[in-house]
Structure formats: C-alpha cells, structure tokens
Amino acid sequence: MKSKKNRRCFWLSLFLFLWIIPLSAHAATLEVQGGGSAESIQSALARAAPGDTIHVYSGTYVGKIVIDKAVSLIGIGMPILDGGGEGDVVSIKGDGVTFKGFQVMGSGKRLQDSDAGIKLYSAGNVIEDNKLTNNLFGMYLLKSPHNTLRNNTIIGRPAKNKLQASKKDEAGEAGTYDILPSFEGESGDGIHLFAASHNLIENNEITDTRDGIYFNYAHDNRLLYNHIDGVRYAIHYMYSDDNYFEGNIATNNVAGAAPMYSKRITFRENVFAYNRGHRSFGVLFSNCNDCLAEGNVFFGNTRGALFDVSYHNIFRNNLVAANDIGIDLISSSGFNTFTENNFMDNMEQIAFRAGRIGEGNVFYEEGTGNYWNDYRGFDLDQNGIGDTPYLTGDIFTYLMNKAPAVRLFLNSPAAKALEFAENMFPVIEIPKAEDAYPLIKPVAIEINGQFHIEKNQVSNKVFGAYSLLMLLIAGMITARAFGVSSQGIKRVENYLRGGQK
C-alpha cells in the first residue's frame, strides 16, 4: 500500500517538474539597432539561447555572420548584410534556424571555395523573404537536408558580355563591376545543393546567375512555383534521383531544365518558354531515365525537348507549341512514350537527327495518340480518333536537317509542292514516326496562370510569309541581274559584228 502511494507521489512530482520548467524558460527577444557592423549581430547571437529571437533593425552591417544555434534572426526594415567581397556572408551551422527579411550582398568570388550569400551546413532551417544580390552563389546547401527556402529573390552577378552598354558606364553597387564574371561559367548558381536531400524550394525568383537551381547528388527534393529567367540552365540535375518539380516558370535561358544522369524525376505543370539560341532547349534529357513529364508547356523554344541517351520516360499531356522543333529525338534514346500531348504550330513537329527513330519510342498507347494540328485525316466514325495514322516527317523537314539553309523556303509554295510530290510519288526513304491513333481535338491542359505569351511573338505562318517575301525579292534581284547581263552580251555580239556599240 505504501509502495503504491510512493509511486503516485513520484509521478505527480515528475509531472509538476516537467510543467514548471518550460514556464521558467521563456524564449527571449533581443534587439540590434541599425548601423554598426556585423559584430553587433554576432554579439547578440553569442548572448542568445536556443529558441530566442533577434530583431535586427534597418541599416548596413559589414562583415561575416555565423549562426550556430537554433535562433530566429529577423530583419526589420530590410537591413543589409554586406560581406565586403570576402568568403561567405552568412554561415548557418546550427539546426532549426529561421533567417528572414534581410538583403544579403557582397560575398567573395572564389569558385573553389563556393563563396555564397548564405551557406547552410545544417538541417531544418527556414530561409525566407530575403533578397540576395551581387554574390557568387546565392545560397549554397552543403550536405544540408530538410530545409525550406521560400520567397527569396536572388540576383546574380551578370556576365560583362550581358550588360547593356548603358549600364557599363554606371557605378556598380557593393563591389562594383570589376568583380563581374567575364562569362556565365565564371559565375555561381542561384541555389546550389550538394549532397543535400529532402529540401523544399518554393516561390523564389532568380536571374543573372550561372544556373538557376543546381542539384548535385541531391535526391528527394521538391521544387515548387519558382520563376527563373536569364540564366544558363534554369533547373539542372546531375546524379540526382527521385526529385519533383511543379509549377515553375523558366524563360529566356539556354535551357529551361536539364536533367542529366538522373532517374525518376517527375515534373508537372511547369512552363519552359523563349529559351532560344543555337543550342537551346525547353528541356534537355541527357542520360535521364524513368522520368515523367506531365502537364507542362513548351512554348517558343529553339527545341521544345531533346532526348539524348535517355530511356523509359513518359511524356504525357503536355503542350508543345510554336517551337522551331517540337521534339528532337536522337536515336540513342529508346522506349520513350509520347501520348495525349498537343503538338501545335511547331516548324518541325518531331526531328530525327540520325535518320532513325530509335528503338521502342512510341507515339500512342492503349488506343490513344496525340493531337497534331497539321493532321489532314478524317474521323468518319466520330470516335475522336483519326481514321488514318499521322506520320511525322516529310521531305522538306528531311532536307532541312541535311541542309539548314533550306529553311529559307519554309512554308513557301515550293516547299508545299515538294511535300505534295513526295506524298504522290515517294522515292526517298524518310524516317517517320507513326501515331496510329491521332486525336481530332486538342487535349485539355491547364496552363500556369503566371505565364503570358509575349505580344510580339511571331507565328510560323507569318515567318513563312516573310520567307516568301524574301524569296520574291531575291528572285527580282536575280532577274534584274540576268537582264543586265543579257543586255551586255547582246552589245558585245553587236560590237563583234561591227554593228551598234
């Protein structure tokens, strides 16, 4: 009986102890007034206990900051943290840190040290509502898992060759233009993850960096609703498996996304638009296998998507429109499935560079193909499927691949006549992919509401009319030249006969 009473007393004491102790350990709020140097912030960090909050008021703080405990560092009035052009500006080495509301600028420029505006070495941190400018890398996650990077703006150091002439004469901010890279390869990435997994990166805006977001041996991350413009590769995966990205917009880059040497990447409802140049792509699949691309928009790119040594990918419910080439399918890729996509107004719907389709690549599955806006068949039984297969590839696009200068005659009467003649009397074996179940109506695809088509977009039909006009002008010039030449010959003949000179 006594033993039972003692046990009750023990549990009651333990309960009171656990209840009273947290009440006595309230988190404190420390304040750092504007101005001064980073030492004033570092001093507050030294006094703070885990769980405390530090408010830093507006002003410029020069120097480096290291956070090694679980505190919240909150900027009031967007204070500026300036690293002075050396090393990392902010290093986060403790778990569970919140870093919010700062402008971070002026990191070093040593690529071998990966100098960054914010470098994370720890887990479970929240980095949000910050503006990072003029740093080599915006944020660098070094073996740092389970972090959230949200609502940050990252503006890199633009390469000197990208600066407008008018801006080259202006004085630069914090570090001046003398530290700008000569070309994009000398710069760092907006966000770089090395061996960092299970992170959430959402609603960030990135421009003028080398790559927008770069995953290197970084698995199982989520990338949501970011906007990346004017970089090399907007989203770049290397040896990074099982990643997911959705709702991102990548415009005016060399490539919207470049999954390389990676597996099982899923991307949904992203926009890859206006990525133009000699070697530009909406998405570059290179040694990338078992991926799913669904509900994305590929618009106005040099190439909508390119597949190179990539296998067993599913490309479904996407809009591929107004690209020079819709899909560039290199024969080294195989067993990829393209179904229920809308292929609309691409100069060349599907290109086969090597003259072969590639083993196992198919354009229909289980009685459903794709919508092709240049399909010329009928649907007499009105089942929504064309009565005759759609065949990609024609004599003109075949010749364009052999001799790119032929593109001058795109959409011209000569090109149409050539296509008609090839259909009536096929004499050249042209690689063609077959869609046995072409859809009569476009597939309903929900387009990201943040994406708007540029008003000055020139359609391929207008481009074709322009080509035809140029062809007519060239013909007139040639006719004129031949006319002058024939008159000259006639005068010479008359002279030799002793007639009119």
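Buried means under 20% relative accessible area, exposed means over 50%, and partly exposed lies in between. Keep these cut-offs at hand for the exercises below. The model is predicted.

**Exercise 1. Get an overview of the protein.**

Task: State how many helices and strands the protein has, and what share of its residues is buried.

Step 1. Start with secondary structure. The protein has six helices and 40 strands.

Step 2. Turn to burial. The chain has 501 residues, and 47% of them count as buried.

Step 3. Look at the surface. The accessible surface comes to about 24,700 Å². Carbon and sulfur atoms hold 56% of that area.

Step 4. Check the contacts. Take those with a separation of 6 or more: 50% of them join residues 24 or more positions apart.

**Exercise 2. Test a cysteine pair.**

Task: Decide what the sulfurs of Cys288 and Cys291 tell us about disulfides.

Step 1. Recall the bond. A disulfide is a covalent bond between the sulfur atoms of two cysteines.

Step 2. Apply the cut-off. The two sulfur atoms must be within 2.5 Å.

Step 3. Read the distance. The closest cysteine sulfur to that of Cys291 is in Cys288, 3.1 Å away. The pair is not bonded because that is too far.

Step 4. Widen the search. The whole structure has zero disulfides. Cys288 is therefore in none, and its nearest cysteine sulfur is that of Cys291.

Step 5. Sort both residues by burial. Cys288 has 0% relative accessibility, so it is buried. Cys291 has 4%, so it is buried too.

**Exercise 3. Map the nonpolar cores.**

Task: Find which residues have the most contacts inside the largest nonpolar core, and which helix gives the most to it.

Step 1. Recall the trend. In soluble globular proteins, nonpolar side chains tend to be buried together.

Step 2. Take the largest core. It has 71 residues. Ile67, Leu81, Phe99, Ile118 and Ile191 have the most contacts inside it.

Step 3. Find the helix. Helix α2, residues 38-47, gives the most, with four residues.

Step 4. Compare with the domains. The core draws at least three residues from each of domain 1 (29-158 + 186-224) and domain 2 (251-393 + 431-451).

Step 5. Add the second core. This separate set has 15 residues, including Val271, Phe299, Leu319 and Phe451.

Step 6. Zoom in on Leu81. Set aside its neighbours within four places in sequence. The contacts of Leu81 then include Ile41, Tyr61, Val89, Phe99 and Met105.

**Exercise 4. Examine two positive phi values.**

Task: Place Met78 and Asp220 in the chain, and say how exposed each one is.

Step 1. Read the angle of Met78. Its phi is near 55°, a positive value in a residue other than glycine.

Step 2. Place Met78. It sits in the loop between β5 (72-76) and β6 (80-82).

Step 3. Classify Met78. Its relative accessible area is 35%, so it is partly exposed.

Step 4. Repeat for Asp220. This residue is not a glycine either, and its phi is about 55°. Asp220 lies in the loop between β19 (213-216) and β20 (222-224). With 34% relative accessible area, Asp220 is partly exposed.

**Exercise 5. Trace the salt bridges.**

Task: Follow three salt bridges and name the elements that their partners come from.

Step 1. Recall the principle. Side chains of opposite charge can pair when their charged atoms come close.

Step 2. Get the total. The whole structure has twelve salt bridges.

Step 3. Take Lys119 and Asp88. Their closest N and O atoms are 3.4 Å apart. Lys119 is in strand β10 (residues 116-120), and Asp88 is in the loop between β6 and β7 (90-92). The two are 31 residues apart. Lys119 has 5% relative accessible area, so it is buried. Asp88 has 13%, so it is buried as well.

Step 4. Take Glu128 and Arg150. The N to O distance is 3.2 Å. Glu128 lies in strand β11 and Arg150 in strand β14, so the pair ties together parts 22 residues apart in sequence. Glu128 is buried at 13% relative accessibility. Arg150 is partly exposed at 25%.

Step 5. Take Asp328 and Arg303. The closest N and O atoms are 2.9 Å apart. Asp328 is in strand β34 and Arg303 in strand β31, 25 residues apart. Both residues are buried.

Step 6. Look for shared partners. Salt bridges join Glu128, Arg150 and Glu202 into one network.

Technical notes:
Residues numbered from 1 in each chain as written. Predicted model: local features only at pLDDT ≥ 70, side-chain atom pairs only at ≥ 80, totals over all residues. Heavy atoms only, no water. Buried < 20%, exposed > 50% of the residue type's maximum accessible area, 1.4 Å probe, protein only. Core = buried A, V, L, I, M, F, W, Y, C linked by side-chain atoms within 4.5 Å. Domains from an automatic or database assignment. Contact = heavy atoms within 4.5 Å. Areas by Shrake-Rupley, 256 points an atom, 1.4 Å probe, with all protein chains shown as cover. Salt bridge = Lys/Arg side-chain N within 4 Å of Asp/Glu carboxyl O.
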